[in-house]
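I opened the file to look up a few things and kept notes as I went. The entries follow in the order in which I worked.

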Amino acid sequence: MTFHEKQAKLVEQVNGLGDCFNQYAYLISCAAALPPLPEELHTEEHLVKGCQSQVWIHLAARADGTLYLQADSDTLILKGILKLFAGLVDGCTPKEIMDDPWDFLEKTELTVTFPSSRTVGISSIVQKIKTDAAALSSC
Amino acid sequence: MIDFQSVRNDFPILSSQVHGHPLIYLDNAATTQLPRCVLQSVREHYEKYNSNVHRGIHYLSEQSTSHFEAARAAVCRFLGANSCREIVFTSGTTDSINLVARGFQERFLFPGDEVITTEMEHHANLIPWQEACRRSGAVLRVIPLSETGDLDLDSFHAMLSPRTRLVAVAAVSNVLGTVNPLEPIIEAAHRVGAAVLVDAAQAMRHLRFDVQALDCDFLCFSGHKVMAPAGIGVLYGKEEWLDKLPPVSFGGGIVEHVSQFEAAYTALPQRLEAGTPNYPGAIGLAAALDYLSGLGLEAVARQEDLLLQAYETMLRQFPRIHILGEPARRAGVLSFTVKDFSPYDVSMLLDKLGVATRSGQHCAQPLLERLGTAYAARISPAFYNQLEEVPAVQAALERTLSVLEAAK
């Protein structure tokens, strides 16, 4: 599945959950499925700046050039979002990550009900993933 | 006996639906809602006599000025101040404290002098003093808290010295709800010749202030925590102090005469109100204080105490919830942490069920650090909240925690 197709599937899935409480509850359930980030990756280098909460991300490339994302946060809602991001990134190329619009959250009720400070935080996460993808593509 | 159910109907916003649920607004320590009479007073101002104050030679300006100055008189009466010259309109508590802090820095603080504040202060009553001390060479001292979240008054007494120039203290903590014993603090400070500034932002609906009886030198509060519009606040200062405070903001409205190279300043209170003041805000504030007086501040405080106790009893039923502090007297707010969960997640989920709470650092990072947490959730009811909302909030919390627990 392409990055674009994965996003479309997520939008359908989240919007099918009903009201925004259920959508948030789903995000939190996703948090439980996010694999733990190794302790040595909880560093300043992996910390996302501009987030109200603490968020660490580690984007890496496999031998075939496709990417995978490891992440952690001190809030479950952000961990849930990170789990969805990890699913989107997994197996994609750096080019897809950099070029395709990350708009699945905007197409659900989630962003509408996110406090604006949180929306800024999520943009910072996406920006860091794109920057890290660009760095990996030039390796 | 006031029917608080019908009082609720005075506040149009409280009948809102949020995310498909009836709004339960429990963030009153941050901002209170406005009753119709306050909204009406501001609307009437703009519809009937909007014009700049103190300067125009025409009917509307005269009307606007007279309403603005009547608002000052209303604040003066509300606080029991000696004269309208002691009431300076500002943009809020932060602005009021900054005005005093910068004035002190310029005129009264010298290297080796001391300013005392407390471990429970809002950043607004901490950072201005940090800066004033840093810039003047004075020393900032901080009264520690006891384990219960009360001020350690023994430490305070030990700190006082002839070098103490000012004590800045909150009447009520915005995190713990601690009601501080202002009278003995003021008395002790005055014995060493220090002035006392009271940050009353959180206290105005809980305590009846008579500034002359209290004998504080400065008292600050914001309109948006007493049912008035945002952007208006008050600095009360004894005339003898305000007279000595230099203006820290300069411009129109504060001068008697200006030449190319110097200016002679006008009398109080205008001397400290440079530029166009927020007269619609002041008019709204006067209407709000009038509204609160009509209900009776004692009745308002009693109702808020009743609600706070009901919320405290409810929160204590949750083993995961830890309420911060057990002060001798608490008013207005309950802050809490939830074992294993971020307060952000809790507040965010509660919001989706229509319950408005606040989570974060509450502009009191040193206090939260002292309490051993980075963030806390906070519930702050106002008199227009209903006891019947408590079980609904309990159900919302149960639902929220069950979602969070399932994800653990």
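**Notebook: sheet, interface, backbone**

I began with one pair: Leu235(B), in E10(B), is the bridge partner of Cys220(B). The model is a predicted one, and I read every entry below with that in mind. I then looked up the two strands that hold this pair. Strand E9 of chain B covers residues 218-222 and strand E10 of chain B covers residues 233-237; they run antiparallel and are joined by five bridges.

Next I asked which helix lies across E4, E9 and E10 of chain B. I found helix H3 of chain B, residues 59-79, at about 115° to E4(B). I also noted helix H5 of chain B, residues 127-136, which packs on the sheet. H5 touches strand E5 (114-118), E6, strand E7 (164-170) and strand E8 (195-199) of chain B, and its direction makes about 150° with that of E6(B).

**The whole sheet**

I traced the strand order in chain B as E4-E10-E9-E8-E7-E5-E6, an open sheet of seven strands with mixed pairing. Why is one side of strand E4 (87-90) and of strand E6 (139-143) of chain B left without a neighbour in the sheet? I found that both stand at the edges and each has a single partner strand, so one side of each stays unpaired in the sheet. I recorded an average turn of 20° between neighbouring strands of this sheet, direction ignored.

**Chain A against chain B**

I turned to the interface and listed 18 residues from chain A and 15 residues from chain B in the contact. The buried area between chain A and chain B comes to about 1500 Å², with 71% of it from carbon and sulfur atoms. How many salt bridges does the rule find across the interface of chain A and chain B? I got zero. For polar contact, I got two residue pairs across this interface, both at pLDDT 80 or more.

On the side of chain A that touches chain B, I found that helix H2 (20-32) and helix H3 (76-89) of chain A are the elements that give two or more residues. H2(A) gives the most, with eight residues. I sorted the residues of this side into 10 nonpolar, six polar and two charged.

**Backbone checks**

I closed with the backbone of chain B. Leu268(B) and Pro269(B) are joined by a cis peptide bond, with omega about -5°. I placed Pro269(B) in the loop between strand E12 (263-265) and helix H10 (279-295) of chain B. His19(B), a residue other than glycine, has a positive phi near 50°. I placed His19(B) in the loop between strand E1 (17-18) and strand E2 (21-22) of chain B. Most residues other than glycine have a negative phi, and most peptide bonds are trans.

Definitions and conventions
Residues are numbered from 1 along each chain as its sequence is written. Chains are lettered from A and ligands numbered from 1 in the order in which they are written. This is a predicted model: local features need pLDDT of at least 70, side-chain atom pairs count only at pLDDT 80 or more; totals for chains, interfaces and linings use all residues. Side-chain values use heavy atoms; hydrogens and water are left out. Contact means heavy atoms within 4.5 Å. Buried area is the accessible area (1.4 Å probe) that two parts lose on being put together, summed over both. A salt bridge is a side-chain nitrogen of Lys or Arg within 4 Å of a carboxyl oxygen of Asp or Glu. A polar contact is a pair of N or O atoms within 3.5 Å; within protein, one must be able to donate a hydrogen and the other to accept it, and residues adjacent in sequence count only if both atoms are side-chain atoms. Helices (H or I, at least four residues) and strands (E, at least two) are DSSP runs, numbered from the N terminus. Ala, Val, Leu, Ile, Met, Phe, Trp, Tyr, Cys and Pro count as nonpolar, Asp, Glu, Lys and Arg as charged, and the others, Gly among them, as polar. Two strands pair if DSSP finds at least two bridges between them. Axes are lines fitted to C-alpha atoms, for helices over the stretch in contact, and angles run from 0 to 180 degrees between N-to-C directions.
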